[in-house]
Amino acid sequence: MDRTIKHAEDLRWLIGHTGGFRAGYVTEVRIVKRRLFDEGSTREVPAGTTIAVTIHYEIRGLARVAKLTMTGVTDFSVFEQDGIDCSSLSVIHTEVKAGKLRFWFDPQGELYVVCDEAHLEELTLPVVTAQEAGEFARWTFQGLDANGPTIHWLLDELEQAGLPCTWQDAGRSVAIHPAVQWEGALRPADDPSVNKDNLVQAMAYRPPEGQGFGLMLRVFGVQDRRLSRILEVLADRITQCFSGNCLVGTTIIPGREWERWLVREHRSRRER
């Protein structure tokens, strides 16, 4: 889901689509202030402010992660007192006044933005909970193509990467949500000693709006280099073969930038 918000009609669509982010919570706020060097005055001058707010919320039995990027910001407030969590939302309020969009994310106006326009990026996924074995990694991809990877495609890619796996259907009598198409577990095929609770769960689903596909990969059990490698190989191949966006933690990453993000993440871990 990608949509630009410019007019009152767009705001009405936003509130209707998201339910006003009712009972959601803010996971990230990013403020970018740009400055340019003015040769005439030999000084740096302001060149615009952008604020991006990432919100997790649930609606109609589906979890959604929305990134609302507001550009041309002329006024804003981002304020949170020590010891007070202002990340929880009730219902946001919006309006258009004097040609500007105004967003109130809380009644007290502690998170408030006035801007020229906004852009919504959003990923939708079924609501899932961790199993008893424990989940230590999750990666979600929402593609633009009508058809996404199949079970056989996943197995073939892992075989070619030297990581042969077996597949076991989840065996649910009823899917956790009607949008789910198939789900099951990937386990290394050439390691009989592997713990049965160590696995990579794959779940394919159809997003509710428009064409496209969703695929969620979750790693369970103890942290294992082979399972992590399975996740990395599939993520790399999916982003290379399909157009779309990834969700890692609370961060939405364009698929074409996945490899660069992964390199930066590995470098950051080494430095720590």
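1. Seven elements each supply at least two residues to the lining of the largest pocket: the strands β3 (43-59), β4 (62-71), β9 (117-126), β10 (135-143) and β15 (244-248), together with the helices α3 (225-241) and α4 (258-271). The model under review is a predicted one, and every remark below should be read in that light.

2. The volume of this largest pocket is about 750 Å³. Its lining comprises 34 residues, and those that lie nearest the centre are A137, R138, W139, V248 and G249. When the lining is sorted by class, 19 residues are nonpolar, seven are polar and eight are charged.

3. The second largest pocket has a lining with seven nonpolar, five polar and seven charged residues. Two or more residues of this lining come from each of β2 (25-38), β3, β4, β16 (251-254) and α4. The student may note that β3, β4 and α4 are also named among the elements that line the largest pocket.

4. The volume of the second largest pocket is about 430 Å³. Among its 19 lining residues, R30, A52, K67, T251 and I252 lie nearest the centre.

5. The next point concerns a sheet. Seven strands build an open, antiparallel sheet, and their order across it is β11-β12-β13-β14-β10-β15-β16. At the edges stand β11 (165-169) and β16, each of which pairs on one side only. On average, neighbouring strands of this sheet are turned by 20° against each other, with direction ignored.

6. How many bridges join strand β12 to strand β13? There are six, and the two strands, which cover residues 180-188 and residues 199-205 respectively, run antiparallel. A position to locate in the model is E183, which stands opposite M203 in β13.

7. Two helices should be viewed together with these strands. Helix α2, made of residues 151-160, lies across β11, β12, β13 and β14 (213-220), and runs at about 160° to β11. Helix α3 packs on the sheet, where it touches β10, β11, β12, β13, β14 and β15. The direction of α3 makes about 10° with that of β10. Both α3 and β10 were named above as contributors to the lining of the largest pocket.

8. A further open sheet is formed by four strands in the order β5-β8-β7-β6, again with antiparallel pairing. Its edge strands, β5 (75-78) and β6 (93-97), each pair on one side only. Here the average turn between neighbouring strands is 15°, direction ignored.

9. Within the four-stranded sheet, β5 is paired with strand β8, residues 111-115, in the antiparallel sense over four bridges. In this pairing, S77 stands opposite Y112 in β8.

10. Which strands does helix α1 lie across? This helix, residues 8-18, lies across β6 and β7 (100-104), and it runs at about 175° to β6.

11. The last point concerns aromatic side chains. The structure holds nine aromatic pairs. One of them is formed by F21 and Y57 in an edge-to-face arrangement, with 5.0 Å from centre to centre and 85° between the planes. Why does this pair tie together separate parts of the chain? F21 lies in the loop between α1 and β2, whereas Y57 belongs to strand β3, so the pair links parts that are 36 residues apart in sequence.

How values were computed
Residues are numbered from 1 along each chain as its sequence is written. This is a predicted model: local features need pLDDT of at least 70, side-chain atom pairs count only at pLDDT 80 or more; totals for chains, interfaces and linings use all residues. Side-chain values use heavy atoms; hydrogens and water are left out. On a 1 Å grid over the protein atoms alone, a cavity is a set of points where a 1.4 Å probe fits but cannot get out, and a pocket is an open set with protein on both sides within 12 Å along at least five of seven lines; lining residues have an atom within 4 Å of a point. Grid points are joined across faces, edges and corners, and a volume is the space filled by probe spheres set on the points. Ala, Val, Leu, Ile, Met, Phe, Trp, Tyr, Cys and Pro count as nonpolar, Asp, Glu, Lys and Arg as charged, and the others, Gly among them, as polar. Two strands pair if DSSP finds at least two bridges between them. Axes are lines fitted to C-alpha atoms, for helices over the stretch in contact, and angles run from 0 to 180 degrees between N-to-C directions. Contact means heavy atoms within 4.5 Å. Rings of Phe, Tyr and Trp (its six-membered ring) pair if their centres lie within 6.5 Å; planes under 30 degrees apart count as stacked, over 60 as edge-to-face and the rest as tilted.
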